[in-house]
Amino acid sequence: MIKLKDLLKESTVRLSTHKDAIFSSGMVQLLGKKGKVGLDKKSVHQLSKIIRSQSKGSGMGWSFTMESELDEGSTTLSNGVKVKIDFKGLTLQSKGNPVFLDRGEMMTFFKATARYLKWLN
């Protein structure tokens with residue numbers, strides 16, 4: 001019997017017209033028009049915890065809504081990716097050019113993360 005986990009090895013999610021998130025083997029690669037950033041499963045969990053803690057008591061839970069307010073700040077994830085959070089969205093930068101996710105792209109990214117990362121190893 002073939003399990004769904006074995007069939008689902010890679011998936012691409014369109015965040016906007018110029019940005020994609022590629023989920024494969026426990027990793028997420030954010031591809032923008034000018035840059036790309038890779039995140040492992042641990043870094044994605046850290047990022048979601050940071051975003052949930054930065055939202056001002058909106059009760060965001062595991063989902064992200066457009067109405068929640070974000071505190072500005074910056075941090076570095078466990079894999080060395082620098083994250084800058086501001087009112088408009090968040091900027092992720094590793095070694096190359098940064099990838100900026102606005103609020104709509106963040107919402108799509110976190111929905112896709114909840115869907116795909118639990119199936120991937």
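Which residues have the most contacts inside the largest nonpolar core?

1. In this predicted model, the largest nonpolar core comprises 25 residues. Those with the most contacts inside it are L30, L39, L47, L90, L92, L101 and F109. Helix α3, spanning residues 103–116, supplies the largest share of this core, namely 5 residues.

2. L30 merits separate mention. Leaving aside neighbours within four places in sequence, L30 is in contact with L15, D20, A21, G35, K36, V37, L39, L92, V99, L101 and F109. Among these partners, L39, L92, L101 and F109 also belong to the residues with the most contacts inside the core.

3. The length of helix α3 is as expected: at 1.5 Å a residue, its 14 residues should span 20 Å, and because its end C-alpha atoms are 20 Å apart, the two values agree. The buried residues of α3 are R103, E105, M106, F109, F110, A112, T113 and Y116.

4. An open sheet of 4 strands follows the order β5-β6-β7-β8, and its pairing is antiparallel. Strands β5 (73–76) and β8 (99–102) stand at the edges with a single partner strand each, so one side of each has no neighbour in the sheet. On average, neighbouring strands of this sheet are turned by 15° against each other, direction ignored.

5. The pairing of β5 can be described further. Strand β5 is joined by 4 bridges to β6 (residues 82–86), and the two run antiparallel. Within β6, I85 is the bridge partner of G73.

6. As for the packing of helix against sheet, α3 lies across β7 (89–93) and β8. The helix runs at about 90° to β8.

How values were computed. Residues are numbered from 1 along each chain as its sequence is written. This is a predicted model: local features need pLDDT of at least 70, side-chain atom pairs count only at pLDDT 80 or more; totals for chains, interfaces and linings use all residues. Side-chain values use heavy atoms; hydrogens and water are left out. A nonpolar core is a set of buried Ala, Val, Leu, Ile, Met, Phe, Trp, Tyr and Cys residues joined through side-chain atoms within 4.5 Å. Buried means under 20% relative accessible area, exposed over 50%, partly exposed in between (1.4 Å probe, protein chains only). Contact means heavy atoms within 4.5 Å. The expected span of a helix is 1.5 Å times one less than its number of residues. Two strands pair if DSSP finds at least two bridges between them. Axes are lines fitted to C-alpha atoms, for helices over the stretch in contact, and angles run from 0 to 180 degrees between N-to-C directions.
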